[in-house]
Amino acid sequence: MKTQDYIALEERYGAHNYHPLDVVLTRGEGVWVYDVEGNRYLDCLSAYSAVSQGHVHPKILAAMQEQAQKLTITSRAFRNDQLPLFYKELCELTGYEMALPMNSGAEAVETALKVARKWAYTVKGVPRHKAEIIVAANNFHGRTITIVSFSTEPLYREDFGPFTPGFVIVPYGEAEAIRKAITPHTAAVMLEPIQGEAGVIVPPEGYLRSVRQICDEHSVLFIADEIQTGLGRTGKLLACDHEEVRPDIVILGKALSGGFYPVSAIVADTSVLGLLRPGEHGSTFGGNPLAAAIGRAALRVLVEENLPENAARLGAYFQEQLRAIPSPYVKEVRGKGLLIGVELKPEAGGARRFCEALQERGILAKETHEHVIRFAPPLVIDKATIDWALPRIREVLLR
Ligand SMILES: *Cc1c(COP(=O)(O)O)cnc(C)c1O
């Protein structure tokens, strides 16, 4: 079968909830992916950061294969010999006392919201079912009905109400707006340290620190959604580390499995996560031994290969080189580490055609929000590969 045959099948039988580039991939290795025609591409999306460790990392693969032969799932009705070690290693790496594993990122976000509400009722003393959670405009936290309830993107919510109440939306990047929105019923503030899906929006320096301080002053939890920014992507283990901010709850996903499996989690201290009692929350697949073994290997690779440091060093180089391209179309190059957005001017006619031109030259990148090209390659990329990509990107941006 050829590319067009696969596309025809997908269009015929699959729900059309995505608009992918017309490339049909069949194999990946490190930063490279290969299509069914044998063409090679540099992956500059990394499945939205899920393959930060690179495609089919041999050590994570080995851990997966070994565990898959032994035991894949017990359900949490019984204990298994991988989950306790995953808990310990995740907590020691992130510096939190407890963790709770789920599968998709959206489920971990839902988990954080439930825990924050429970904290508000049982610790802060908010009247039951009155808790408010403050979020930012242009957020992306996933696709469940509760999560799209507080999205500001019409496409994500238009036809999907009625919505979950209890959320307050403020502009992103303005700490004072959060202070003004806090009431005695406020349980938490939930933010992305950098808004990835909104087009790699980096807030002003000091924003996260101010939010932390405001939350402390008003006895409000600070929840950081680090599903995309976490685990080395921005050049530190967590993006909040850039401002030395320690959130009360950190939400992780994507790279937590190195792309092998859906693995997500929240981490927090006992004063928050210790509030959950048996039966209040759960997931059939969450914390299964296969997921735990994969998560453990994914974290080990992150540390052993110094991926946060690599992201910091090569991200700075990549950004500097992108800024040096004298393109008439580029409005701004921004980002942190290897989470980079190139925003095009309106007259460029949208990012999609640039992504298609990059594809023709062996680079896969995806437009976000029409005018931004995101460059977020696996963190295992090296300088030589960036130097291979730059003239190709340059050619496309100068056309
Ligand atoms: C991808 C993402 C999610 C949702 O994760 P899923 O695994 O797709 O449910 C939530 N928050 C952020 C910041 C993300 O980038």
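What follows is a chat between a biologist and a modeller about a predicted model with a ligand.

Modeller: Ground rules: this is a predicted model, so local features need pLDDT of at least 70, side-chain atom pairs count only at pLDDT 80 or more, and totals for chains, interfaces and linings use all residues. Residues are numbered from 1 along each chain as its sequence is written, and side-chain values use heavy atoms, with hydrogens and water left out.

Biologist: What makes a residue one of those around the ligand?

Modeller: One of its heavy atoms has to lie within 4 Å of the ligand. The residues that pass are S104, G105, A106, F140, H141, G142, E192, D225, I227, Q228 and K254.

Biologist: How do you know that D225 makes a polar contact with the ligand?

Modeller: A polar contact is a pair of N or O atoms within 3.5 Å (within protein, one must be able to donate a hydrogen and the other to accept it, and residues adjacent in sequence count only if both atoms are side-chain atoms). A polar side-chain atom of D225 sits 2.7 Å from a ligand nitrogen, so the pair qualifies. Q228 also has a polar side-chain atom, 2.8 Å from an oxygen of the ligand. For A106 a backbone N or O atom does the job, 2.8 Å from a ligand oxygen.

Biologist: And how much of the ligand does the protein cover?

Modeller: It covers 80% of the 380 Å² of accessible area that the ligand has on its own, going by Shrake-Rupley with a 1.4 Å probe (for residues, only the protein chains shown count as cover).

Biologist: Why is C215 not called part of a disulfide?

Modeller: A disulfide is a pair of cysteine sulfur atoms within 2.5 Å. The closest cysteine sulfur to that of C215 is in C240, 11 Å away, so it is too far for a bond. The structure holds zero disulfides. C91 is in none either, with its nearest cysteine sulfur, that of C240, 17 Å off.

Biologist: Why is C91 called buried?

Modeller: Buried means under 20% relative accessible area (exposed is over 50%, partly exposed in between; 1.4 Å probe, protein chains only). C91 has 10%, so it is buried. C215 has 1% and is buried too.

Biologist: What makes S46 buried?

Modeller: Its relative accessible area is 0%, so S46 counts as buried. Leaving aside neighbours within four places in sequence, S46 is in contact (heavy atoms within 4.5 Å) with V51, R233, A376, P377 and P378.
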